[in-house]
Amino acid sequence: MLYGIAAATASFLLAALLAALLRAPALSLALVDRRRRRPVPLSGGVAVALVTGLVAGVGDWTGVVPLGPAAGRLLLGALAAGALGLAADLWRLRRRWVVAGTAVAAACVVPYGETGPVAGVLAVGWITLVAAAFRGLDHADGVAGTVGVVTAFGVAACAAAELRDGLAVALLALAAALTGLLLHNWHPARIALGACGALFTGFLLAGAAVFTRAGHPPAGGAAVLFALTAPACLDVVLVLLSRRLAGRPVLRAGPDHLAHRLRRLGLTPQGAAVVVGAVSCGAVLTGVLVHTGRVGAPAVWWVAGAAAAAVAGLLRVRVYGPRHGAGAQGRVPGPARPRPTRGACRVPPEVADTPGGASSRGTIFPVRQARRAEEDQVSAPLRVRNG
C-alpha cells in the first residue's frame with residue numbers, strides 16, 4: 001500500500017517534469033500535431049510510457065511489488081506499441097501498418113492458457129481496437145488523458161480484487177503519469193499524447209482488463225470489458241457510422257469524434273473533457289461493480305443502452321460540410337442560366353433596358369455611353385489637393 005502511494009506520487013511528478021523537458025526537443029524535430037490551430041508537440045506519450053515503465057520496473061526489480069511473467073510481458077508489449085506509435089508520429093506510417101504491429105504485440109501477450117484459443121483471438125482484436133480508439137480520443141485537449149486516468153483506476157481496482165498487486169501498481173503509476181501530463185494537456189494544450197502515448201495507454205489498459213477477467217465466464221468477461229472501455233468504444237462506433245452514412249472513406253480523418261460533436265453542441269473544450277470523463281466514470285464504476293460481484297452482469301445493459309442512445313443522438317449533429325460541387329444543404333437548385341456566347345459583351349441590366357443600349361440586331365453596344373462619360377470627366381475642371 002505504501003509503495004503504491006509512493007509510486008503514484010513519483011509517477012505524477014516525473015511525468016509532469018519530463019513532459020515539460022521533452023517539449024522543446026519535439027518542436028525542434030517537428031514532432032507536432034498540425035491538425036489543430038497551432039502546432040502542439042506530440043512528446044507527452046514518451047514521458048508517460050517511460051515513467052510508467054520505470055516505476056513498474058523498479059518495483060519488480062527491488063522485489064517490493066513483483067509484476068510476474070505475464071504482467072511483465074504485458075508491460076513490454078505496451079512499450080513496443082508505444083515505440084510503434086512514436087515511429088508513426090515521426091515518419092507518418094500508414095494506419096494499416098500501425099494496426100498490424102499492435103495486433104502482433106497483442107498476440108504475444110494474451111494468456112491463451114487461461115482464455116482459450118477462441119477467446120484469446122478475440123482478446124487480441126479487442127486490445128488492438130481499444131489501442132486504436134485511444135488514438136482517436138487524442139484529437140481534443142484533455143479527453144484521452146481524462147478517460148485514461150478514470151479507466152486506469154477502474155482496471156487497477158479489478159486487478160487488486162484478483163490479487164494482482166504488481167499489475168495494480170503499474171496501472172496506478174499509469175494513472176498518476178497521465179494526471180501529470182494533464183497539467184500540460186489541458187486546454188489550451190501545450191503538449192499532447194500522440195500515437196506513442198495513446199497506443200501505450202490503450203494497449204496497457206485493455207491488456208490488463210483481459211488479464212483480470214481471464215478464467216471468468218466469457219459472457220460476463222465481455223460485459224465487463226465493454227463497461228471498462230465504453231467511451232472509447234462509443235467514439236469508434238460513432239466515427240465509423242457517421243463516415244459510412246456520409247459516404248466518406250473510413251480512414252479519412254475529420255472533425256467527427258465524440259469531443260468534436262460535443263463542441264458543436266456548445267460545450268467548451270474543458271466542458272467536453274469533463275462530460276466525457278463523467279461518462280467514463282459511470283461506465284467504469286459499473287464494470288468494477290460487476291467484476292467484484294456487487295451487481296449482476298445485466299447492469300451493463302444500461303451502459304449499452306445509454307451508449308446506443310448517445311450514438312443515435314450525436315449522429316444528428318452536423319460535422320461535415322457540403323460535398324464538393326454541391327450547394328448548401330436545403331437550397332433547391334434553380335434552372336440553369338444561359339451562358340453568354342463568345343464575343344458577347346456583358347452590360348448591367350439598367351443599360352440593357354435603355355432604348356439606346358441596343359442596336360437593331362439586338363446586340364448591345366454600350367461603348368458610346370462609356371465614351372460620353374469619359375468626355376464629361378475630362379472636360380470637368382481638375383482640382384488638385386495640395387500635399
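Where is the place of Arg-92? In this predicted model, Arg-92 sits in the loop between H4 and helix H5 (95–107). Its phi is near 55°, a positive value in a residue other than glycine. Arg-92 is partly exposed, since its relative accessible area of 49% falls between the 20% and 50% cut-offs. A little background helps here: most residues other than glycine have a negative phi, and most peptide bonds are trans.

Ala-30 offers another case of this kind. Phi of Ala-30 is near 60°, again a positive value in a residue other than glycine, and Ala-30 belongs to the loop between helix H2 (23–28) and S1. Ala-30 is partly exposed, with a relative accessible area of 40%. In strand S1 (residues 32–33) itself lies Asp-33, which is buried, with a relative accessible area of 7%. Asp-33 is separated from Asp-89 by 56 residues in sequence, while the C-alpha atoms of the two are 8.7 Å apart in space.

We turn next to a pair of helices. Helix H4 (residues 69–91) and helix H10 (residues 194–213) have axes that come within 7 Å and cross at roughly 155°. Because this angle is over 145 degrees, H4 is roughly antiparallel to H10. The crossing of H4 and H10 is right-handed. Sorted by class, the residues in the contact of H4 with H10 comprise 17 nonpolar, five polar and one charged. In the loop between helix H9 (165–185) and H10 is Pro-188. The peptide bond that joins His-187 and Pro-188 is cis, with omega at about -5°.

Helix geometry can be checked against a simple expectation. For helix H8 (residues 143–161), with 19 residues, a rise of 1.5 Å a residue gives an expected span of 27 Å; the end C-alpha atoms are 28 Å apart, in agreement with that value. Of the 19 residues of H8, 15 are buried, so H8 is largely enclosed by the rest of the structure. Just after H8 comes Leu-163, which takes a positive phi of about 60°. Helix H14 (residues 269–292) can be treated likewise: its 24 residues reach 35 Å from first C-alpha to last, close to the 34 Å expected at 1.5 Å a residue. Just after H14, Gly-293 has a positive phi of about 85°.

Two threonines round out the picture. Thr-128 is part of helix H7 (residues 117–137) and is buried, with a relative accessible area of 11%. What does the side chain of Thr-128 reach at 2.9 Å? The partner is the backbone oxygen of Val-124. As general background, an α-helix has 3.6 residues a turn, so residues three or four places apart point the same way. Thr-52, for its part, is found in helix H3 (residues 44–62). Thr-52 counts as buried because its relative accessible area, 0%, is under the 20% cut-off. Along the sequence, Thr-52 and Thr-201 are 149 residues apart, and in space their C-alpha atoms are 9.9 Å apart.

Definitions and conventions:
Residues numbered from 1 in each chain as written. Predicted model: local features only at pLDDT ≥ 70, side-chain atom pairs only at ≥ 80, totals over all residues. Heavy atoms only, no water. Axes fitted to C-alpha atoms, helices over the stretch in contact; angles between N-to-C directions. Helix = DSSP H or I, 4+ residues; strand = E, 2+ residues; numbered from the N terminus. Parallel < 35°, antiparallel > 145°, perpendicular 65-115°, else oblique. Left-handed = near helix turned anticlockwise from the far one by under 90°. Nonpolar A, V, L, I, M, F, W, Y, C, P; charged D, E, K, R; others polar. Expected span 1.5 Å × (residues − 1). Buried < 20%, exposed > 50% of the residue type's maximum accessible area, 1.4 Å probe, protein only. Polar contact = N/O pair within 3.5 Å; in protein donor to acceptor, adjacent residues only side chain to side chain.
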